[in-house]
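Please look over the sequence and the model shown here before reading on. The account starts from the whole chain and then moves to individual places in it.

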Amino acid sequence: MTIKGDQLYELGWLTIQDMSSLHPSFDNLPEDKYAEKRLRSRRYSCYRHNADGSVTKLSQKDFMQSSNINKHVGDVERKYEPLDPSLETNPVFLKMFEEFRERTNLSENSAIEVHQIRWHCAKRVKIPAPEGVHQDGFDYIGMFMVNSHNIDGGELMIYPSPDEAPLLVKQLEPGEFMILNDKRLFHYAAPLVPRPNKDEGYWDLIILTANEALQSA
Ligand SMILES: [Fe+2]
């Protein structure tokens, strides 16, 4: 199970790099009540990515990770509001599925889960991944950077194991993505650091995840 050849992760750029059409959908994300207060806001939906490039929304479900995977909020059924339906015809959003499926060889029937997350960062440093160096419990994860406003830090890091030095440390730019094999690699994100004398900072990502065994039909 690799990304391509024997590669376990891949970096890339979306062919459409103007992310502005996605920005309004980040402005009304409900607070993630399963995280530290004012750490992040979030929506969650599941889709199937069709051969013609469209997506079909799958029925809404709760999101749960086992406590073996997530020491922070494992074994908790997390209820999130679905993504804005207008995203389903947004060309940038659709490109993310295309890149994700092409690089992972996921079948058309695969169920792809999508987390739309804004991390908030004003006045003090925030730890975006309080669970530490971790896996998410999927076969593949795709992290797509949409916007980074008035913050520094937040480098994404990939590790062969939690005890080893990172293989990669990379601050993603808007339009850039990282797709990785979540069974073989671990990941983390460096602290978010607010810039002084600025309005509230935020960090917007869309994260796609999939398991080969999880089929939509
Ligand atoms: Fe993660």
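What follows is a walk through this model, from the overall fold to one helix and two loop residues.

The model is predicted, and its protein chain contains two helices and twelve strands. Followed along the sequence, these elements come in the order β-α-β-β-α-β-β-β-β-β-β-β-β-β. The radius of gyration of the protein chain is 16 Å, close to the 17 Å that the globule rule gives for 217 residues, so the chain is as compact as a globular protein of that length. The C-alpha trace spans about 50 × 40 × 35 Å along its principal axes, and buried residues account for 34% of the 217 residues in the protein chain. Where contacts between residues at least 6 apart in sequence are considered, 80% of them join residues at least 24 apart.

Helix H2 covers residues 91–104 and has 14 residues; from its first C-alpha to its last it reaches 20 Å, close to the 20 Å expected at 1.5 Å a residue. Which residues of H2 are buried? They are Val92, Phe93, Met96, Phe97, Phe100, Arg101, Arg103 and Thr104, a list that includes two arginines, Arg101 and Arg103, alongside residues such as Phe97 and Phe100. After H2 comes asparagine 105, whose phi is positive, near 60 degrees.

Two loop residues may be taken in turn. Glutamine 135 lies in the loop between strand S4 (110–121) and strand S5 (140–149). Is glutamine 135 buried or exposed? Glutamine 135 has 21 other C-beta atoms within 10 Å, and because a residue counts as buried when 20 or more lie within that distance, glutamine 135 is buried. Leaving aside residues up to four places away in sequence, glutamine 135 touches Ile69, Asp182 and Phe186. Phenylalanine 93, which is among the buried residues of H2, is 42 residues from glutamine 135 along the chain, and the C-alpha atoms of the two are separated by 24 Å.

Asparagine 50 is placed in the loop between strand S2 (40–49) and strand S3 (55–57). With 12 C-beta neighbours inside 10 Å, asparagine 50 counts as exposed, because the cut-off for an exposed residue is 12 or fewer. Asparagine 50 nevertheless has contacts beyond the residues up to four places away in sequence, touching Val55, Thr56 and Glu108. As for glutamate 108, it lies 58 residues from asparagine 50 along the chain, while the C-alpha atoms of these two residues are separated by 5.8 Å.

Terms used: Residues are numbered from 1 along each chain as its sequence is written. This is a predicted model: local features need pLDDT of at least 70, side-chain atom pairs count only at pLDDT 80 or more; totals for chains, interfaces and linings use all residues. Helices (H or I, at least four residues) and strands (E, at least two) are DSSP runs, numbered from the N terminus. The radius of gyration is taken over C-alpha atoms; the globule rule is 2.2 Å times the number of residues to the power 0.38. Two residues are in contact if their C-beta atoms, placed from the backbone, lie within 7 Å. The expected span of a helix is 1.5 Å times one less than its number of residues.
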